Amino acid sequence: MNEAGSEALDYGNWVPWKLIYGPGILAVALLALALRWRVFLVGALFFLGCLVYFAYARYQFSTRGENLEARVRGLVVEHLRWNGEGTALDIGCGNGPLTTELAKQYPRARVVGIDPWNSAWDYSRKTCERNAALEGVADRVTFQSGSAVSLPFEDESFDAAISNLVFHSIADAKDKTQLVKEALRVVKKGGRFCFQDQMVGRGKYGKPDELLQEVRGWGVQRADFFDTREAALVPRLLRNPIMVGNVGIICGTK
Ligand SMILES: C[S@@+](CC[C@H](N)C(=O)[O-])C[C@H]1O[C@@H](n2cnc3c(N)ncnc32)[C@H](O)[C@@H]1O
């Protein structure tokens, strides 16, 4: 069942409910205190602002709003440029939107979605499996628990690999470039890859040129960088590092 209690696709949202409920609860508590001590009003207004901002972002990302999540994810499929023969891996699949999308785009392909499904997000393996059934691709899609830090697959197991907005959120991997290396480890020579993450600017991966140079140094046949900002999908209020303001794609052929 989805949030509305019906059998419908549920691909979740990059703004989990806790980012809305949490500030809401704090704002109410501080407002109550502000009735007696004015100084708490500042904190109450701050958390009220957070609530409004995250609610706006959730709406923009959702299918009820601007469907921004699907449009940003679409860039991963677009830049993968795979022939659809064999098996693909979706690293950090969430509720499986890209896993099922790849299966739909490539009717002969098998797709594996992997995610730890921990409590930080509102995603689950059960929801992935229901989504795959509803999309009519359950016979070619599998989901399993695991981490991008150490993928539970042999070297060169997959014909393609994708990942969308995952690596930046992995707290126990300081060096995000190593996560790209680990992802490429499981791709066959000549296989395709496309990883979208917070790659623009110096922040988490160094400069895009340095990232490309490093990846090319691992012996991949081809690696390209695309600045997601060029697709002009993201409204101004969401163009910041905590949302989707510094996102880029590294893609190519191993
Ligand atoms: C912003 S969500 C993106 C989900 C999905 N890729 C999408 O495009 O909707 C980040 C995802 O990273 C996953 N994640 C967190 N730590 C991970 C890890 N160590 N390995 C793989 N995935 C992880 C989370 O569970 C969550 O599903």
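**Figure 1. Leu165 sits in the loop between β4 (158-164) and α6 (176-185).** This is a predicted model. Most residues other than glycine have a negative phi. The phi of Leu165 is near 55°, a positive value in a residue other than glycine. Is Leu165 buried or exposed? Leu165 counts as buried, because its relative accessibility is 12% and the cut-off for buried is under 20%.

**Figure 2. Trp117 lies in the loop between β2 (110-115) and α5 (125-134).** Its backbone also has a positive phi, near 45°, in a residue other than glycine. The relative accessible area of Trp117 is 15%. That value is under 20%, so Trp117 is buried.

**Figure 3. The ligand is surrounded by 17 residues.** Which residues are the closest to the ligand? They are Gly92, Asp115, Ser147, Ala148 and Asn164. The shell around the ligand holds 10 nonpolar residues, five polar ones and two charged ones. As for the site itself, the ligand takes up the space of the largest pocket.

**Figure 4. Nitrogen atoms of the ligand pair with polar atoms of Gly92, Ser147 and Ala148.** From Gly92, a polar backbone atom is 2.7 Å from a nitrogen atom of the ligand. Ser147 contributes a polar side-chain atom, 2.9 Å from a ligand nitrogen. At Ala148 the partner is a backbone N or O atom, and the distance to a nitrogen atom of the ligand is 2.8 Å. How much of the ligand does the protein bury? Taken alone, the ligand exposes 590 Å², and the protein buries 95% of that.

**Figure 5. Leu211 belongs to helix α7, which spans residues 208-217.** Its relative accessible area is 1%. Leu211 is therefore buried, as the value is under 20%. Thr177 is 34 residues away from Leu211 along the chain. In space, the C-alpha atoms of Leu211 and Thr177 are separated by 7.3 Å.

**Figure 6. Lys126 is part of helix α5.** Is this lysine buried or exposed? Lys126 is exposed, because its relative accessible area is 64% and exposed means over 50%. This view also takes in Gly12, which is 114 residues from Lys126 in sequence. From C-alpha to C-alpha, Lys126 and Gly12 are 13 Å apart.

**Figure 7. Leu19 is found in helix α1, residues 18-34.** Leu19 has a relative accessible area of 31%. That lies between the cut-offs of 20% and 50%, so Leu19 is partly exposed. Gly92, one of the closest residues to the ligand, gives a reference point for this view. The C-alpha atoms of Leu19 and Gly92 are 20 Å apart. Along the chain, 73 residues separate Leu19 from Gly92.

**Figure 8. Val52 lies in helix α2, which covers residues 40-61.** The relative accessible area of Val52 is 54%. Val52 counts as exposed because this value is over 50%. How far apart are the C-alpha atoms of Val52 and Pro23? They are separated by 9.2 Å, while the two residues are 29 residues apart along the chain.

Notes. Residues are numbered from 1 along each chain as its sequence is written. This is a predicted model: local features need pLDDT of at least 70, side-chain atom pairs count only at pLDDT 80 or more; totals for chains, interfaces and linings use all residues. Side-chain values use heavy atoms; hydrogens and water are left out. A residue is near a molecule or strand if one of its heavy atoms lies within 4 Å of it. A polar contact is a pair of N or O atoms within 3.5 Å; within protein, one must be able to donate a hydrogen and the other to accept it, and residues adjacent in sequence count only if both atoms are side-chain atoms. Accessible areas come from the Shrake-Rupley method with a 1.4 Å probe; for residues, only the protein chains shown count as cover. On a 1 Å grid over the protein atoms alone, a cavity is a set of points where a 1.4 Å probe fits but cannot get out, and a pocket is an open set with protein on both sides within 12 Å along at least five of seven lines; lining residues have an atom within 4 Å of a point. A molecule sits in a cavity or pocket if more than half of its atoms lie within 2 Å of its grid points. Ala, Val, Leu, Ile, Met, Phe, Trp, Tyr, Cys and Pro count as nonpolar, Asp, Glu, Lys and Arg as charged, and the others, Gly among them, as polar. Helices (H or I, at least four residues) and strands (E, at least two) are DSSP runs, numbered from the N terminus. Buried means under 20% relative accessible area, exposed over 50%, partly exposed in between (1.4 Å probe, protein chains only).
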